[in-house]
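Visitor: I should like to be guided through a protein model. Please explain each term as it arises.

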Amino acid sequence: MNKLCTMTDYTLAQLYENGTDEAFDVLLSRYSDMVYAYILFLVKQTDDADDIFQETFTRAITAIRNHRYQHTGDFGAWLIRISHNLTIDYVRKSSSTVLTSQESFKKELLNDPAYIDEGHEKNIIEQQDRKLLKKMLSYLPKPQQEIIYLRYYKELSFREIADMKGISINTALGRMRYAIINLRKMMKQHELDLVC
């Protein structure tokens with residue numbers, strides 16, 4: 001780990017892209033405070049900031065692992081750009097003054113699941129997928145099971161989870177990241193898709 005701490009951001013990103021998970025831990029420790037402070041400055045609410053912060057690093061993880069990270073010389077600026085775009089999306093979605101055109105309203109209405117007949121077969125498949133996901137969760141290490149449960153079933157923010165469990169936000173994020181990695185491996189074996 002000490003050797004990793006002396007490496008450049010670009011080298012760490014390359015190592016992580018090639019499967020060295022610890023390399024991302026170093027990047028996370030380098031930039032988490034800066035990114036979180038930036039998001040909190042924009043949205044003012046810690047719960048919202050926690051969610052955008054987590055999504056920022058989830059997007060970064062996904063981009064690097066899918067070979068979509070392009071070295072521009074400043075990893076921190078790249079993270080800030082991701083968090084900025086996510087914050088803009090959040091503000092747009094949460095604003096009550098957003099105007100919708102008639103055309104976009106029609107499109108949204110036609111894509112609303114409440115107005116679509118998904119069919120009996122699809123419902124059965126989704127129920128089976130949920131049962132399989134629940135079973136796969138039981139194979140995760142206990143700390144990873146807890147983080148999934150608290151985040152997605154109890155809908156707690158990462159700050160609330162960290163406070164409840166007596167751990168840092170970085171540790172909570174790390175556990176979530178490893179839980180997602182492990183779930184993806186299991187889901188790949190069962191040909192399911194994990195969206196995150």
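Visitor: How much area does the chain expose, and what share of it do carbon and sulfur atoms supply?
Guide: This is a predicted model, in which local features need pLDDT of at least 70 and side-chain atom pairs count only at pLDDT 80 or more, while totals for chains, interfaces and linings use all residues. Residues are numbered from 1 along each chain as its sequence is written, and side-chain values use heavy atoms, leaving out hydrogens and water. Accessible areas come from the Shrake-Rupley method with a 1.4 Å probe, and for residues only the protein chains shown count as cover. The exposed area is about 12,700 Å², and the share supplied by carbon and sulfur atoms is 52%.

Visitor: How many helices and strands does the chain have?
Guide: Helices (H or I, at least four residues) and strands (E, at least two) are DSSP runs, numbered from the N terminus. From that end on, every element in the order α-α-α-α-α-α-α-α-α-α is written as α. The count is 10 helices and 0 strands.

Visitor: Is aspartate 50 buried or exposed?
Guide: Aspartate 50 is placed in helix α4, residues 46-65. Buried means under 20% relative accessible area, exposed over 50%, and partly exposed in between (1.4 Å probe, protein chains only). Because its relative accessible area is 1%, aspartate 50 is buried.

Visitor: With which side chain does the side chain of aspartate 50 make a polar contact?
Guide: A polar contact is a pair of N or O atoms within 3.5 Å; within protein, one must be able to donate a hydrogen and the other to accept it, and residues adjacent in sequence count only if both atoms are side-chain atoms. The side chain of aspartate 50 also reaches the backbone nitrogen of arginine 159, at 3.2 Å. The side-chain partner, at 2.9 Å, is tyrosine 36.

Visitor: Is proline 141 buried or partly exposed?
Guide: Proline 141 lies in the loop between α7 (120-137) and α8 (142-153). Its C-alpha is 9.6 Å from that of arginine 175, although the two are 34 residues apart in sequence. Since its relative accessible area is 39%, proline 141 is partly exposed.

Visitor: Which class has 7 residues in the lining of the second largest pocket?
Guide: Ala, Val, Leu, Ile, Met, Phe, Trp, Tyr, Cys and Pro count as nonpolar, Asp, Glu, Lys and Arg as charged, and the others, Gly among them, as polar. This lining has 5 nonpolar and 2 polar residues, and the class with 7 is charged.
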